Amino acid sequence: MLGGAGILLGVAAAPAQAAEVSYKTECIPPSISGLPPVEGTTKVEVTAPAEAKVGDEVTITWKFVQAASKNPDVLDLDKDTVKPTGTLKAAGAQTADIAMEGPRSNPAIPKNSDMKLSDMTGKLKLTAAGDVTLTPDAYNINVSKPLSTDTKCTPKETVKPAATIKVTGSGGDTGGTTGGLPTVTPTLPTGLPTLPTGSATPSPSASESDGSDTGGSTTGGDGGGQSDFTGKEVSVPYACKTPIGDKNATSPVQINAKKDGGSFDLTVQFKKSVMDSPADIPADSVKPSMEVVLGGSDKGTVHVEGPTNAKAIKSGDPIEIPDLTGTYKPGASGSSTLSPGVLTVKALGTTTTCTPTKSEVSLTLDTTEQASGASGGGSAASGSGGTASGEGLAETGSDSHGALKALGLVAGTVVLLGGAVFTFLPGRRAGG
């Protein structure tokens, strides 16, 4: 009986071992966000068999004791939206890159709380006798909502092995190891201009243009039969408020008009070519609008807006900016000027607002006062010609706005996602 028990003990699987290792880590948010690298400490516990034989395929577990940082005070992450992948380095008797992957399984992660990443697992087929060390290496964090984005983390120091497998036997089975980490994070352009969201109300600085700044604009009289009026293309510098600080952008804009009785149908066009989409964007999820600023004889604003994207936009495909349209009902007789004003973009629950830092006239029209027109009945923002929402101008600071890259329209969601994964060190936030 004792001999039989000894045999049973001899063939039983070797117990698993678990060891913890920590290392300095640099994490790179999506490049479209323009955020600086984030430095922190990653703590990992690796579990693997203490002993095994040549030819065995062993399962290894990577547990995140501590991710590089907390979820910052920007965005709550929903349940089951975060998925980690990574690479575990095998060395010693056998060299291999072991692909590790965890399920998209996490509790809801509130703002300013610890990141909760699922355990990752991977398999290694043993091919040689001797000690095989296991060392954590780079890892990637994918957040799936509201858009899919990746944050890539790499060690910034030499990492110590977290576990060692003693492999016995002469071999004979030379099966390969698992492949390397397949995660690919696209390189996206940075430094692009930002388009915002929000609503517009008349602002003295935005609604009054310099009287000398009308060169190149088109004047349309009520007489003479002219009905189409083409405005001048003007470069508009925007100041945008975002969760990661102020952003500046300059975009060429043109305002055209078509006379319809005593009113004018306006079309606002963005002349700059668009950027490629940083991620897959669902249909009907991006909505741009603007408050066109009136000056000269008239005062107030006119609300114009574009349609949402009719089709889904795949990652890497160009994003087309639709024309923004609305109706201008004059509130005064005389020579009235139209200038690009506050620009608002709503995308997947985020709103970003950009305010022009300089007013430049794109179009001048000869107007005849209409009942309940722009200045006669108050500005468009206060009730005529299409009202703006009550979210306020960017400078009020009343909203937490997403960072939208100019002409990209949806990059704000990427910024929020990238920013939600890692907290920025105090000294580096200002620099970003």
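Which residue is the bridge partner of Lys-287 in β21? Keep that in mind while you set up the view. The model on your screen is predicted.

**Stop 1: strand β17**

Select residues 286–296. This is strand β17. Colour the strand by burial. Of its 11 residues, 9 are buried, so β17 is largely enclosed by the rest of the structure.

Now add residues 343–347, which form strand β21. β17 and β21 pair in the antiparallel sense, over 5 bridges. Click on Lys-287. Its bridge partner in β21 is Lys-346. That settles the opening question.

**Stop 2: the hairpin to β18**

Keep β17 on screen. Add residues 300–305, strand β18. How many residues does the hairpin from β17 to β18 pass through? Trace the chain and count. The hairpin joins the two strands through 3 residues.

β17 and β18 are antiparallel too, paired over 6 bridges. Pick out Leu-294. Its bridge partner in β18 is Gly-300.

**Stop 3: β20**

Add residues 334–339 next. They make up strand β20. This strand runs antiparallel to β17, and 4 bridges join the pair. Find Gly-296. Opposite Gly-296, in β20, stands Ser-336.

You have now seen β17 paired with β21, with β18 and with β20.

**Stop 4: strand β10**

Clear the selection. Choose residues 130–143, strand β10. Why is β10 described as largely enclosed by the rest of the structure? Check its burial: 10 of its 14 residues are buried, so the description fits.

Bring in residues 82–92, strand β6. β6 and β10 run antiparallel, joined by 10 bridges. Select Ala-91. Thr-133 is its bridge partner in β10.

Then show residues 163–168, strand β12. β10 pairs with β12 over 5 bridges, in the antiparallel sense. Look at Gly-130. It stands opposite Val-167 in β12.

**Stop 5: from β10 to β11**

One more partner of β10 is worth a look. β11 runs antiparallel to β10, and 5 bridges join them. Zoom in on Asn-142. Asp-150 in β11 stands opposite Asn-142. Leave β11 visible for the next stop.

**Stop 6: the disulfide**

How many disulfides does a search of the whole structure find? The search finds 1. Show the side chains of Cys-27 and Cys-153. The disulfide joins these two cysteines, with an S to S distance of 2.2 Å.

Now zoom out and follow the chain between them. The pair links distant parts of the chain, 126 residues apart. Cys-27 belongs to strand β1 (residues 16–28), while Cys-153 belongs to β11 (residues 149–155).

Turn the view to look along the S-S bond. The torsion about this bond is about 115 degrees, so the disulfide is right-handed.

Switch on the surface. Are the two cysteines buried or exposed? Cys-27 has a relative accessible area of 0%, so it is buried. Cys-153 is also buried, at 0% relative accessibility.

**Stop 7: Glu-26**

Finish with Glu-26, in strand β1. Glu-26 has a relative accessible area of 17%. Because buried means under 20%, Glu-26 is buried.

Show what surrounds Glu-26. Leaving out residues up to four places away in sequence, Glu-26 touches Pro-37, Val-38 and Glu-39, along with Lys-152, Cys-153, Thr-154 and Lys-156. One of these contacts, Cys-153, is a cysteine you have just seen in the disulfide.

Note on methods:
Residues numbered from 1 in each chain as written. Predicted model: local features only at pLDDT ≥ 70, side-chain atom pairs only at ≥ 80, totals over all residues. Heavy atoms only, no water. Disulfide = S-S within 2.5 Å. Buried < 20%, exposed > 50% of the residue type's maximum accessible area, 1.4 Å probe, protein only. Contact = heavy atoms within 4.5 Å. Pairing = 2+ DSSP bridges.
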